[in-house]
Amino acid sequence: MTSNRATVCLTFDFDAISIWIGPYAATSPSMISRGEFGVVGVERILRLLDHHGLPATFFVTGHTADTYPDAVRAIAAAGHEIGHHGYLHENPAALDPGQERAVLLRGFEALDRAAGVRPVGYRSPAWDNSPRTVELLLEHGFSYESSLMGKDYEPYWCRVGDVIQADGPYLFGPEVDLVELPVSWMLDDFPHFEYIRLANRLSPGLSAASKVEEIWRDEFDYMYRDTPGGVLTLTMHPQVIGRGHRMLMLERVVDHVAGHDGVRFATLATVAEEFRAAHPRPGS
Ligand SMILES: [Zn+2]
């Protein structure tokens, strides 16, 4: 497709076991096995993408790359983009500067070991960034990051040096040479679907796929009608979307999108490159 009235980015966060033994500190074999299911999900997703000829972006934790190198190699071999997603799904906001840097480097090393890739994109686990994350990503040559929510259908430049004030206006720091490809919890399969019961928390999840389908389709329809050239980024997890009835839902969403004129699917790396080509770099 040559025209570009709308772009949809299918992104998959391949957390596998790391999200359970990392943030959730799981030792239960049952809880851990929820992450094992991610490999089943990846196989199904790769078949769907191949069948429809779609490119996608997979954010892979270093721990996943070390645990399931064959699955990560299969993703790369199919031509999909692989992005950085921490090592053990660490929340950067909870790390000190030395830890945050070490986790970034461990992630690079694991992705290189498994599939020989050097990512240009970063998605923060938990979608939290520390006050240092953007500068760290700049230092390591990233093109984009995808964890913020300041817009919905438009990429924008990240900032550094924002000042949080409770007794005056919020002060915005300068834009920097890192593209933001924004996300949203409602466009993320995890909170809709995952049932998590902890001592101090219950996430009910287990939504009907039809509810999520309605939200995702209507987000696309509004963007298609009102924001020409818009970009819609869906965030999915192989261990979540890979369940049978949800795969059927994803197929329906793909068919709905593909049925519109001038729509294409693209990787986040492609969208970031196009944004860079169309906008002057901050500070230049
Ligand atoms: Zn994740």
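Here is a short chat about reading strand S1 and a nonpolar core in a predicted model.

Me: What should I know about the numbering and the model before I start?

Reply: Residues are numbered from 1 along each chain as its sequence is written. The model is predicted, so local features need pLDDT of at least 70, side-chain atom pairs count only at pLDDT 80 or more, and totals for chains, interfaces and linings use all residues.

Me: Is strand S1 buried or exposed?

Reply: A residue is buried if 20 or more other C-beta atoms lie within 10 Å of its own, exposed if 12 or fewer, and partly exposed in between, with C-beta atoms placed from the backbone. Strands are DSSP runs of E with at least two residues, numbered from the N terminus. Here, nine of the nine residues of S1 (residues 6-14) are buried, so the rest of the structure largely encloses this strand. Ala6 and Val8 are among those on one side, Thr7 and Cys9 among those on the other, and both faces are covered.

Me: Which strands does S1 pair with?

Reply: Two strands pair if DSSP finds at least two bridges between them. S1 runs parallel to S10 (residues 230-236) over seven bridges, to S11 (residues 263-265) over three and to S2 (residues 57-60) over four. Thr7 has bridge partners Val231 in S10 and Arg264 in S11, while Thr11 sits opposite Thr57 in S2.

Me: Which residues have the most contacts inside the largest nonpolar core?

Reply: A nonpolar core is a set of buried Ala, Val, Leu, Ile, Met, Phe, Trp, Tyr and Cys residues joined through C-beta atoms within 7 Å. The largest one has 64 residues, and Phe58 and Val60 have the most contacts inside it.
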